[in-house]
Each structure stands twice: as C-alpha cells, then as structure tokens.
Amino acid sequence: MKLSAKARCSESSRQPRAESPVCKYCKSSAHSGEKLMRCSRCKQTAYCSGTCQSSDWPTHKKTCAKA
C-alpha cells in the first residue's frame, strides 16, 4: 500500500514521544502506570516521593516560584 505525499509528509513530521519524567532528587523514572508527584507550589518539578521532595527542598526553594 502506497501512501500519498500528504500522508508521508505528516508521517515524517510526527514528534517523538517525550521521555518519561524522572524524580529531580533521585533521578528514578516513573514506572508504567505511575505518575510522579509535582511540587505543589511551582507545579513544575517532579518527585517520586515526599522524602525526595523534602530532601530537595533546600535546593529547590531557591528557584521555586508560584505557578
């Protein structure tokens, strides 16, 4: 089956999937079906646990801004 020029063009312009998020503190990735928690203040930084978030807070608070 041959694709039309338009189909080939849209096929090649697809963006690759974004990498799965990783914990900012321990660098572990989210396992399939799991979501990492986000900083409740800036909503940008991801953590795998409250322990990692608490451990990273002294560093993260320097750049954290309300969303």
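Which residues does His60 touch, not counting residues up to four places away in sequence? They are Lys24, Cys39, Cys42, Thr45 and Tyr47. The model is a predicted one, and this short list of partners is a useful way into it.

Start with the overall layout. The protein chain has 2 helices and 2 strands, and from the N terminus on they run in the order α-β-β-α. Of the 67 residues in the chain, 18% are buried. Among contacts with a separation of 6 or more, 27% are between residues 24 or more positions apart.

His60 itself is in helix H2. With a relative accessible area of 3%, His60 is buried, since the limit for that word is under 20%. One of its partners is also a polar one: the side chains of His60 and Thr45 make a polar contact at 3.5 Å.

Helix H2 covers residues 50–60, and its buried residues are Cys52, Asp56 and His60. Looking down the axis of H2, these buried residues fall within an arc of 60°, so they line one face of the helix. The face turned away from that buried side carries the exposed residues Thr51 and Ser54. Strand S2 is included in what covers the buried residues of H2.

Take Cys52 next. Leaving aside neighbours within four places in sequence, Cys52 is in contact with Cys23, Tyr25, Cys26 and Tyr47. Tyr47 therefore appears in the contact lists of both His60 and Cys52, where a contact means heavy atoms within 4.5 Å. Cys52 and Tyr47 also belong to the largest nonpolar core, which has 6 residues in all. The other members of that core are Cys23, Cys39, Cys42 and Cys64.

Asp56 is the remaining buried residue of H2 to discuss. Its relative accessibility is 6%, which is why Asp56 counts as buried. Side chains of opposite charge can pair when their charged atoms come close. Here Asp56 forms a salt bridge with Lys24, and the closest N and O atoms are 3.0 Å apart. Lys24 lies in the loop between helix H1 (5–12) and strand S1, while Asp56 is in H2, so the pair ties together parts that are 32 residues apart in sequence. The count of salt bridges comes to 1. Lys24 has 31% relative accessibility and so counts as partly exposed.

The loop that holds Lys24 also holds Lys27, between H1 and S1. A polar atom of the Lys27 side chain lies 2.8 Å from the backbone oxygen of Lys24. Because its relative accessibility is 57%, Lys27 counts as exposed. Lys27 and Tyr47 are 20 residues apart along the chain, and their C-alpha atoms are separated by 8.7 Å.

Now consider the backbone. Most residues other than glycine have a negative phi. Lys27 is not a glycine, yet it has a positive phi of about 70°. Lys43, also a residue other than glycine, has a positive phi near 65°. Lys43 is found in the loop between S1 and S2. Its relative accessible area is 48%, so Lys43 is partly exposed.

Cys42 is in that loop too, between strand S1 (37–38) and strand S2 (46–47). Cys42 has 6% relative accessibility and therefore counts as buried. Along the sequence, Cys42 and Cys64 are 22 residues apart, but in space their C-alpha atoms are 5.9 Å apart.

How many disulfides does the structure hold? The number is 0. The nearest cysteine sulfur to that of Cys39 belongs to Cys64 and is 3.8 Å away, and Cys39 is in no disulfide. A disulfide requires the two sulfur atoms to be within 2.5 Å, so a distance of 3.8 Å does not qualify. Cys39 has 3% relative accessibility and so counts as buried. Cys48 is in no disulfide either; for Cys48 the nearest cysteine sulfur is that of Cys26, at 3.6 Å. Cys48 counts as partly exposed because its relative accessibility is 36%.

Return, finally, to the opening list. Of the residues that His60 touches, Lys24 is in the salt bridge with Asp56, and Cys39, Cys42 and Tyr47 are members of the largest nonpolar core. Thr45 makes the side-chain polar contact with His60.

Methods. Residues numbered from 1 in each chain as written. Predicted model: local features only at pLDDT ≥ 70, side-chain atom pairs only at ≥ 80, totals over all residues. Heavy atoms only, no water. Helix = DSSP H or I, 4+ residues; strand = E, 2+ residues; numbered from the N terminus. Buried < 20%, exposed > 50% of the residue type's maximum accessible area, 1.4 Å probe, protein only. Arc of directions from axis to C-beta. Salt bridge = Lys/Arg side-chain N within 4 Å of Asp/Glu carboxyl O. Polar contact = N/O pair within 3.5 Å; in protein donor to acceptor, adjacent residues only side chain to side chain. Core = buried A, V, L, I, M, F, W, Y, C linked by side-chain atoms within 4.5 Å.
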